[in-house]
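Reader: I should like to go through this model with attention to its helices, charged pairs and aromatic rings. May we proceed by question and answer?

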Amino acid sequence: MLATVKRDGIERAGGSWSVEDEAEFKRPTIEMFERQSHPLYASARLWDDGIIDPRKTRRILALSLRASLNAPIEPTRFGVFRM
């Protein structure tokens with residue numbers, strides 16, 4: 001999207017923007033996404049609850065369900081939240 005806006009502005013001013021120029025413009029953003037999309041990066045910043053070892057998935061799931069079934073359900077006054 002941002003590359004499209006930049007290309008349109010350059011072309012509107014009479015310039016040209018090559019495929020290589022566009023790739024170089026996008027490179028820092030793509031590198032940032034690749035670095036920040038790693039699961040350890042997100043967990044280190046507490047963006048999630050951590051990484052579960054696949055061998056422990058059943059045990060963690062059972063503990064989570066057991067905890068949720070023992071929690072009291074309080075009445076609410078709001079509708080369904082959709083994200």
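Author: The exchange below concerns a predicted model.

Reader: Where in helix 2 does a kink lie?

Author: Helix 2 covers residues 19-36, and its 18 residues reach 25 Å from the first C-alpha to the last, close to the 26 Å expected. The helix nevertheless has a kink of about 40°, placed shortly before proline 28. The residue at the kink is arginine 27.

Reader: Which glutamates form salt bridges with arginine 27?

Author: Arginine 27 is partly exposed, with a relative accessible area of 36%. One partner is 3 residues apart from arginine 27 in helix 2, and the closest N and O atoms of that pair are 2.8 Å apart. The other lies 4 residues apart, about one turn of the helix, with an N to O distance of 3.2 Å. The partners are glutamate 24 and glutamate 31.

Reader: Is glutamate 22, the salt-bridge partner of lysine 26, buried or exposed?

Author: Lysine 26 and glutamate 22 are both in helix 2, 4 residues apart, and their closest N and O atoms are 3.0 Å apart. Arg7 is linked with Glu22 and Lys26 in a network of salt bridges. Lysine 26 is partly exposed at 35%. Glutamate 22 has a relative accessible area of 16%, under the 20% limit, and therefore counts as buried.

Reader: What kind of aromatic pair do tryptophan 17 and phenylalanine 25 form?

Author: The count comes to 2 aromatic pairs. In the pair of tryptophan 17 and phenylalanine 25, the ring centres are 5.6 Å apart and the planes stand at 70°; because this angle is over 60 degrees, the pair is edge-to-face.

Reader: What is the angle between the planes of tyrosine 41 and tryptophan 47?

Author: Tyrosine 41 and tryptophan 47 form an edge-to-face pair, with 5.6 Å from centre to centre. Tryptophan 47 counts as exposed, at 53% relative accessibility. The angle between the planes of tyrosine 41 and tryptophan 47 is 65°.

Reader: Which residue in the loop between helix 3 and helix 4 has a positive phi?

Author: Most residues other than glycine have a negative phi. The residue in question is not glycine, and its phi is near 60°. At 72% relative accessibility it counts as exposed. The residue is leucine 46.

Reader: What is the area of the nonpolar surface patch that includes Phe25?

Author: Leu2, Val5 and Phe25 make this patch. Valine 5 lies in helix 1, residues 2-12. The area of the patch is about 280 Å².

Note on methods:
Residues are numbered from 1 along each chain as its sequence is written. This is a predicted model: local features need pLDDT of at least 70, side-chain atom pairs count only at pLDDT 80 or more; totals for chains, interfaces and linings use all residues. Side-chain values use heavy atoms; hydrogens and water are left out. Helices (H or I, at least four residues) and strands (E, at least two) are DSSP runs, numbered from the N terminus. The expected span of a helix is 1.5 Å times one less than its number of residues. The bend at a residue is the angle between axes fitted to the seven residues ending there and the seven starting there. Patches are made of residues with over 30% relative accessible area and no salt bridge: like charges are joined within 9 Å, nonpolar side chains (Val, Leu, Ile, Met, Phe, Trp, Tyr) within 5 Å. Accessible areas come from the Shrake-Rupley method with a 1.4 Å probe; for residues, only the protein chains shown count as cover. A salt bridge is a side-chain nitrogen of Lys or Arg within 4 Å of a carboxyl oxygen of Asp or Glu. Buried means under 20% relative accessible area, exposed over 50%, partly exposed in between (1.4 Å probe, protein chains only). Rings of Phe, Tyr and Trp (its six-membered ring) pair if their centres lie within 6.5 Å; planes under 30 degrees apart count as stacked, over 60 as edge-to-face and the rest as tilted.
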